[in-house]
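Subject: Structure handover

Hello,

Here is the structure I promised to pass on. Please open it next to this email. My notes follow below.

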There are 4 protein chains.
Amino acid sequence: MTITDPQVASPRGSTGLPPEEPRFASDLPTPEQLAARYEEVRATTEALSAPLNPEDQVVQSMPDVSPTKWHRAHTTWFFETFVLAPYEPGFRPVHPSYDYLFNSYYEQVGPRHPRHERGLLSRPTVAEVGAYRATVDHTMGSFLAGSARERWDEVAPIIEIGLHHEQQHQELLLVDIKHVLSRNPLCPSYQVRVPAGPASSSWSPAGPVRWCEVEGGVAELGHAGRGFAWDNEGPRHRVFLDDFAVADRLVTCGEWEAFIRDGGYTRPELWLSEGWAMVQQEGWEAPLYWERDGHGWALFTLHGRQPLVTDEPVVHVSFLEADAYARWSGFRLPTEAEWEVAATRVAAGEPPNDLSTGALHPRAAPPVAGERDGVRQLAGDVWEWTASAYRPYPGFRNPPGAVGEYNGKFMCSQMVLRGGACVTPAAHVRPTYRNFFPPSARWAAAGLRLAADPA
Amino acid sequence: MTITDPQVASPRGSTGLPPEEPRFASDLPTPEQLAARYEEVRATTEALSAPLNPEDQVVQSMPDVSPTKWHRAHTTWFFETFVLAPYEPGFRPVHPSYDYLFNSYYEQVGPRHPRHERGLLSRPTVAEVGAYRATVDHTMGSFLAGSARERWDEVAPIIEIGLHHEQQHQELLLVDIKHVLSRNPLCPSYQVRVPAGPASSSWSPAGPVRWCEVEGGVAELGHAGRGFAWDNEGPRHRVFLDDFAVADRLVTCGEWEAFIRDGGYTRPELWLSEGWAMVQQEGWEAPLYWERDGHGWALFTLHGRQPLVTDEPVVHVSFLEADAYARWSGFRLPTEAEWEVAATRVAAGEPPNDLSTGALHPRAAPPVAGERDGVRQLAGDVWEWTASAYRPYPGFRNPPGAVGEYNGKFMCSQMVLRGGACVTPAAHVRPTYRNFFPPSARWAAAGLRLAADPA
Amino acid sequence: MTITDPQVASPRGSTGLPPEEPRFASDLPTPEQLAARYEEVRATTEALSAPLNPEDQVVQSMPDVSPTKWHRAHTTWFFETFVLAPYEPGFRPVHPSYDYLFNSYYEQVGPRHPRHERGLLSRPTVAEVGAYRATVDHTMGSFLAGSARERWDEVAPIIEIGLHHEQQHQELLLVDIKHVLSRNPLCPSYQVRVPAGPASSSWSPAGPVRWCEVEGGVAELGHAGRGFAWDNEGPRHRVFLDDFAVADRLVTCGEWEAFIRDGGYTRPELWLSEGWAMVQQEGWEAPLYWERDGHGWALFTLHGRQPLVTDEPVVHVSFLEADAYARWSGFRLPTEAEWEVAATRVAAGEPPNDLSTGALHPRAAPPVAGERDGVRQLAGDVWEWTASAYRPYPGFRNPPGAVGEYNGKFMCSQMVLRGGACVTPAAHVRPTYRNFFPPSARWAAAGLRLAADPA
Amino acid sequence: MTITDPQVASPRGSTGLPPEEPRFASDLPTPEQLAARYEEVRATTEALSAPLNPEDQVVQSMPDVSPTKWHRAHTTWFFETFVLAPYEPGFRPVHPSYDYLFNSYYEQVGPRHPRHERGLLSRPTVAEVGAYRATVDHTMGSFLAGSARERWDEVAPIIEIGLHHEQQHQELLLVDIKHVLSRNPLCPSYQVRVPAGPASSSWSPAGPVRWCEVEGGVAELGHAGRGFAWDNEGPRHRVFLDDFAVADRLVTCGEWEAFIRDGGYTRPELWLSEGWAMVQQEGWEAPLYWERDGHGWALFTLHGRQPLVTDEPVVHVSFLEADAYARWSGFRLPTEAEWEVAATRVAAGEPPNDLSTGALHPRAAPPVAGERDGVRQLAGDVWEWTASAYRPYPGFRNPPGAVGEYNGKFMCSQMVLRGGACVTPAAHVRPTYRNFFPPSARWAAAGLRLAADPA
C-alpha cells in the first residue's frame, strides 16, 4: 500500500505529463513514402471538393456542420500549426488570421473563431483557400525533402496524424455537404449516381437475418499492431464477455419501414427517456433525409432525392432511434467489445463499401455464399451504433500537448460506433477503430446491426 | 447458428414481454411487517417536511427540483396508482386531477402536468396535500389488513417498490429544498445544525490518502442476495478487472481548495470538452453552494451558511468537475466495477453517515485505526462519481408495464454514482446500488474518491 | 437663432435637472387627511390578499407576474425607501435585505433581485410580510403625526405618489393572481361570484352599436386640474383632430365570437406582422382565458371558470388582437386623443364598474336611456386599447431622481390604454389617465371600443 | 348619429376593400419612359453587386440580413409575381421553386422559405441568379413593348412600385453586405474608398450647432404632389405643432465620443428601460462598427476599417441610443412632424450625399454660408431617428391585395426615420418619406439630429 498526498505531491496533471516515446518509431515510413501519401491524401480532398461550386462551400447549415472550404483550410492549418511552425526553420504562416479562423477546438493553441459562425465567413474565398492549400503543400514538399529529415522521429508521427486527420475531414466534408444540400428546397445533387457494379446488381434481396454465435470468455480488445492507430484505440486490454450472437447483416430500410408502420415513433415504451423527448421536440418520424413520397418514402442522398430501396441498410439514424428499434425487434445492440470480437473472428470479409468504391451510399448486403458464411457488412456501408458509451480504455491517458485534445476530451455523453461507412476513407476502416457521436446525432452516416443473447 | 427474421417473427418488443415471476417471492414480508414499514417510511417523509412552512413547500427553483409538497403528493399518488387502483376493489381516487398533477414521468399511465411547471401550483395547498396523504394512508391500512392478502404475491413487491420509491424522494426532498433555500438572498436554514457526536469531534484531520490495492481478475458484479434491489442492479454478471488501487477516503474540501488555487477552473487541458463548455457557460469557479467569504470560502448547507471545513468531503460537484480534479491530481476516478469490488472486499466498515445520523452534511473521515485499516467513507457522506457511464448490465431487460420505466429508460447520457450520501435513507446504502445523474448535475449530494493504477 | 454647443455647454442631462417646484403644492392634503387615506389604501391591499392562502401568494406564473406577497412587500418598501429613509430621523429599515428583494426597477436606488426570480422566494413568509407591513404602517403613523409635518411640502407629494403606486399594485395583484390561478389545472376561484345588482340584472342585451360623432379641430389634451395626476398625463397641450365617431359601447364577447367564427385568427391579412407572428408562435385562437367548452366557450375568471356571456365586454385581448378585430370590422381603434376628447365631451356618465363595485369582471353595457344618450362604459370595465403608441407629450421631461423612473422610461414599444377596468381602484379612473402595455400583452384587463371616420 | 352593427353588416374587412382608382393615373409614365427607368434601376442593382464575389453573396450574418443574391433574386421575383404572372398572357415562371424561395413576407402570395434560413441556400448559384435576372429582364422588355400597353393604367403603377421596391433593396443590399463583411475577422472592404471631392476636402470642422427656430400652429403633413409616394406617406392631414427649434446639422462622431467619455453607456438614468436592457444584454458601449483602436476609435465601413473622423455624422446607432444621447445632451429628438415641417421650410438645400455620390459613408456637414443659412444634411448622409412611433396617418387604410402588405402591416413597435442616407437611392430622398425600424436596430444607416423647445 503506497501513500501519496495529492495536496503536497507534485501532481502529474499540473506539471504536464512526461513526454512519451514515439509510439510507432519502428514503423516510421521514409520521407519519400510519406511525401507520396501526403500528395495522395491532399489530392483526394481537392477531388471531393471539385463537384462543388464556391457558393456550396460557404454554407453552414447547423452548428455541427462546417463549410467545405473550412474543412479544406482547417486541414491545411493543421500542417502549418503542428508541423511547419514547430519544425520548419524560418517558417512564416501564410496569413496571420488563419490561426484564429481555422483552429477547430484546440484550447491550448489559442483563441479561435466560434464554431457556429463558420458560415458567416465569405472570405477567404474558395480560390484563396485553394491557394492556401497549394502554398502549404509546396512548403510541405520542401520540408519533407529537407529539414524534416533531421528530426524525422518526431516529425513523421505528426504528419501521419495530420493525414489521418485530413481523411476524417474528408468524411465530414461529405456528410456536411449532404446536410447543406438537403436544406435546399431545390434538392441539388452532389454528384450523379455512380452506376452500381455487376456484383451489386446481381445481389439477391437482403433475406432473413442469420445469427452468428460467438463464444464468450476473457477477450483482448484494442489496437495491437504496428500500423497507425488513434490513441483512443488503446491500450490493449482484457474484457470478459458472455456468449453472444450477432446478426450477419445490417438492419435494412425495409425493416425500418416495418418499425415505422408498427408505430415505432409513437410508442414511448420503446424509447429511452432522452429519445422520446427528441421524438416529441424534433418531430422525428423517420430517419433523417427520409421524406414521404406518395405512399412510400424517398431519401435525400448525395445523388439527390432517390426512392427508398428496401434492402439497403438504413442510415442517418441516431443512437436513440437505433436503441428503440432494437428494443422493438426484441433484440439489442452489440457492445463495442462484442462488435470488435465478432469483426476479428467471424467476418465474411467481402470487399468493403468504403469511400474507395465511389458509391457514397450504403449497399444491400452481398448474397450469402454458403451455410458457413460469416458476418457481412462489418466494414464500410454505415457506422454501426454500439451499446457502449464512449469512455477511455483502462490505462488510457491523454497524450501531452495540443494533440492530446484530439480524442480524450470527448469521452463523455457520446456513444461508440464501429465499422466505417460508405463515405469513410479505407484507411479508417479497421476492427479497433472507435468513432463516437452524441446519442441524438443523425447527420453522420450511421446505422445499426442487431445482437442477441443465445437462448 | 439460429435464424430469425425480425420482419416476420412476432418480436417481443411489439407484443409486450411475457410477465415474469415475482423476483423475490420467497422473501415476501408478511402484511404486518409491511404495514409497519409503510407507517415508518410515510412518517419519515412527514418528519422531513415538518421544518418547512407552506411557502417553502411550493417553490421550484429549477426544472430538476420539485416542490416539497409535490414530493409528498407524488409518493402518495404512487400507492394510489400502482397499488390501490389495480388491487383494491371499489377504489375511488381521492381527487380526479391528482393523477394528472402527480404523475412524474410514467408515459404508460397517461398525460401529466409538465415537470418544469410544478412550481406554478399553489393548490392543492400544503394542508390539502397533508390530508391527501392521511386519506391514502388510511385506505392503505385497511387494504393491508384486508384485500391485499388475497393477492399478496403480486401486491407485496409493488408496495415494497413504493416504499423504496418514497425513500428516494426523501433524499430528493432534501437536496431540492436545499437548492430552493440557496436561491434566497436571506439564506434560510432548513434546520439548526445538529451537534456532532463525540466520535466526530475527536476525529483527527483527514490526513494523507492511503492507497488500498485490489487484485484484478474476473469478478462478479451486481445484486445477488434475497433482499430488495432495483432492477438496474442486476443481472449479476462477470467483468474483468486489472489490478487497481483506491483511495481510503473521499476528496476533501481542503484538497478542492488546492485545485482551485492551482487554477483548476481556468485550465482547459484538465477538462473534458463538455466540462470546459460548462465552466465558461455557467461561470463555474467552485462547487455549487461555495461562496467566497473574505479570504476563504463559506458553504450554503441545510444548516444555513457555514464556514468551509477543510477535512470534510467536498460535495455538490458535477462529474465534469470530479473528472477534471482527478486529471489534475494525476490519478483517476474508479469505475463502478472497481468501486463495487472495493466496497465488497476492503471496506473499513465504520458506521455510515447516512440520513439516520441526522447530520445532513458529510463528515470528515474517521481516524485510521491501524496499518491494516480498510477503505473508509464508502457508505454515506456523499455519492461518489465513478468513471462509468450508466448503461444496462449484460442481460438487463426493462420489466413490463409502467414500473419498467423506473430505471431502464434513463440509461443514456448519465454517469453512475455509488455509495449513498448523508441525505440517503439507510436502506439505500449498499454496495450494488447504482445511482445516476447527468455529468453536469451539481445539486445532488455528490463528491468523489480517487483511484489509481499500481506502478 | 440661438447657438449652443452640446460639447462644451454643461448639458442638463449630465449634471441632473434642477429641482422643480412641488407640482401641486396648493392642493396639499393635511397630515390628518393623508393619514386617513394611508390607512384606507393599505387596508384595501390587505383585504384583497385576504382570500388567498400562503401558497397562492408565493407563485410567479410568468416573468410579468409578481407573487401577491411581493406586491404587498414592494408597496411597503416604497414608503420605507422614498419617505421614511430620507425624511424620518433615525430611521432603521425593517430588514437589511428588503431593499434588495423588493426594489422593482429603480436603477438609481441600487441593485435588486431579478424580476423573473420573484417566485423563487419562499421567505420572507406571508406572515413575515404581514408583519413588515404592520411595522411600516406603525412607523408611518408616528411619522405622519410627527416629523412629517416639518417638511410637509416635500413629504406629502411623495406619500401621495406612494398611495397611488400602491393602488396600481392592487390592480396588478388581481390580474397577477388571476394568471397564477389560471395555470392550475384545478381552476381555483379567487372568490365566489358577487351577485350582480338589480340594475345589472335588468339590463337589456348589448344591442347594436350607436356611433357618437365628435367634431374635430384643435383640442387640448392632458391633465389640467388640481387633483393628483401622474407625470405622463402632462403637460397639457394642443392637438389637431379630424371629425370622428366613436362607438357608444365596448366590443362584446358575442362580437368577438363572430370574429373567431369568421376566421379572425386564421387570416393573415387582418393582422399586423407582429400580430400574425404571435398568432403562429403562441397558438392564439381566442382571448386569453377563453377555453372551448363543448360547442361554446368558457372563461377563466376570478370567480373560477364561467360560461361566456355574449353581451359582456371582451377582455384579455392584446393590442395586436384588438387591431386585427378593428380591421376585420371595417372600423378602427380610436387614438388616445380622440378617446380623451370623447370621454370629456360625450360620456353617458353612468356609474363606473371599477374596483369599488366588487364585481371583478366587466359587465354588459347599461341600456340606452334615449336618443340623446352618450357614450357608455368609458370608465371601468376594461382598459381600452387605443391606436396610439405610448410616447411623451410635447414638453414632457422625466422628473429628477428615482421617482423620475416611474413612467418616462417605459415610453417605447408600448401602446396606450384608457379608461380603467373592473379591477382598477376608482381613484385611477379619469379621462386623462394613460395606462400602457406592450402590444402583445394579454394578462392585463384590456378590451376595446371601435372608432370610425364619418362618411 | 349613424348606427351600424358589425355583427350583421357586411364588414369591409372581411369581404375585401373595394378596388381603388389608380392613385397617380394622370402621372403615368409612357411605356418607353418606364422601360428606360426599368433598365437603369436593374443595372444599378447589378453594378452594386459587381464588387462582390460569389461567396460574399451567399452569407446571412443575422436574421435581419439577407444574402446579396437573395436581394437580386427577390427583386426579380417581384416583377414575375406582381407584373408578369397576372398580366403577361402565357407567362411561365423561370423556375417552379423561386416563388417559394424568393417571396419575402407576402402572406397572401403563399408559403415561403423561412427568412432566417436564407443563408442556407447555396443554390441557385450567383450565376444562376444572374441568368434569372437576365431572363426576366428580357421578358419584361417584350412585355413593356407589347401586351403591357393594353392595361397600362393597371400595369404601370405596379412596375413603378417594383422599381422603387428594388431601390429599397439596393440600400438593404449595401447595409446587409456591410454587416456580413463586418463579422469577418479579415475585415474585407466592399470597395476602395472613393476620394472625397474638392468641396468636401475644403470643408471646415463641424462647428457648433446652430438652432433653427420654426413657428408652430396647424401644419399639413404627408405627400401631396403627383410624383410617386408610398401609401404610408398619406393621406395628407393636419397636425398641431408648438414652436420648436431644430439643430442645423447632424450629431457627429466627435460629439458621440464625448457622450461615451461622460459615461453615456453606463448611466441608466439616461436610458429608456428597453435601452438599458439592451446595453446590458448586448454589451453595447459604442455604435455598431466602432472598435477601440489604441486610444481612439476605428470604424468598420464599406471601405474597410477606417479611423474615426470627428466631424462626420455618427451612424449605426439605434433609436434607443439616439434617445439616450438626446437626454444626455439636454435636448430631444424631433418628431416626424417637426422634421417634415423643417425639411419643407428651412432646409439649406445643399446637394445631398445619397447613393449617387458613391461615397457610401456620411460626410461632415458643409460649411455654413452665412448668418441666414438653413438646416443642413436633411437629405442623405444618415437616416434620422425621430421621436415618433411608426403608426398610420389619420385615414390610412391598407391597399387591397398582397401589395397592401407592403407598409401597413409593420406599423407597430417601430420608430420613424426621415431624410435618407448615403446608401439611399436619390429617388428615395424626399421630405415626406417615412422609413421605419425597431428601436433596437443598429445595422441600418441611422444617426440623429437634435431638436429643442424654445425658451
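How many residues does the contact take from chain D and from chain A? The contact takes 31 residues from each: 31 from chain D and 31 from chain A. Before you read on, note that this is a predicted model.

**Chains D and A**

The area buried between chain D and chain A is about 2,400 Å². Carbon and sulfur atoms give 59% of that area. Three residues stand out on the chain D side: D:Glu55, D:Leu120 and D:Arg123. They supply 29% of the area that chain D buries against chain A, more than any other three residues.

Four salt bridges are counted between chain D and chain A. In one salt bridge, the side chains of A:Glu117 and D:Arg183 meet, at 2.9 Å from N to O. Polar contacts are counted too: ten residue pairs, both residues at pLDDT 80 or more. Look also at the helices α4 (98–102), α5 (126–145) and α6 (152–182) of chain D. Each supplies at least two residues of the side of chain D that touches chain A.

How are the two copies related? A turn of 180° with a shift of 0.0 Å along the axis lays chain D on chain A, with an RMSD of 0.0 Å. The two copies are therefore related as by a two-fold rotation axis. In chain D, the C-alpha of D:Glu55 is nearest the axis, 2.7 Å from it. The copies meet through the same surface, because 100% of the interface residues of chain D are also interface residues in chain A.

**Chains D and C**

Here 60 residues of chain D are in contact with 60 residues of chain C. The buried area between chain D and chain C is about 5,100 Å². Of this, carbon and sulfur atoms give 57%.

One salt bridge is counted between chain D and chain C. It joins D:Arg238 to C:Asp242, with the closest N and O atoms 4.0 Å apart. The count of residue pairs in polar contact is ten, both residues at pLDDT 80 or more. Several elements of chain D each supply at least two residues of the side that touches chain C, including β1 (211–214), β3 (237–241) and α10 (319–329). α10(D) gives the most to that side, with five residues.

**A sheet in chain A**

Now turn to chain A. Three strands form an open sheet there, in the order β1-β4-β12. The pairing is antiparallel. The edge strands are β1 (211–214) and β12 (451–452) of chain A, and each pairs on one side only. Two bridges join β4 (residues 244–247) of chain A to β12(A). A:Val246 has A:Ala451 in β12(A) as its bridge partner. Helix α11 (residues 336–345) of chain A packs on the sheet and touches β1, β4 and β12 of chain A. The direction of α11 makes about 75° with that of β4(A).

**Backbone points to check**

The peptide bond from A:Arg123 to A:Pro124 is cis, with omega near -5°. A:Pro124 lies in the loop between α4 (98–102) and α5 (126–145) of chain A. In chain B, a cis peptide bond joins B:Arg123 and B:Pro124, with omega about -5°. B:Pro124 lies in the loop between α4 (98–102) and α5 (126–145) of chain B.

Last, find A:Cys187. Its phi is near 50°, a positive value in a residue other than glycine. A:Cys187 sits in the loop between α6 (152–182) and α7 (198–201) of chain A.

Best wishes

Notes:
Residues numbered from 1 in each chain as written. Chains lettered and ligands numbered in written order. Predicted model: local features only at pLDDT ≥ 70, side-chain atom pairs only at ≥ 80, totals over all residues. Heavy atoms only, no water. Least-squares fit on C-alpha atoms with pLDDT ≥ 70 in both. Contact = heavy atoms within 4.5 Å. Pairing = 2+ DSSP bridges. Helix = DSSP H or I, 4+ residues; strand = E, 2+ residues; numbered from the N terminus. Axes fitted to C-alpha atoms, helices over the stretch in contact; angles between N-to-C directions. Buried area = accessible area lost by both parts, 1.4 Å probe. Polar contact = N/O pair within 3.5 Å; in protein donor to acceptor, adjacent residues only side chain to side chain.
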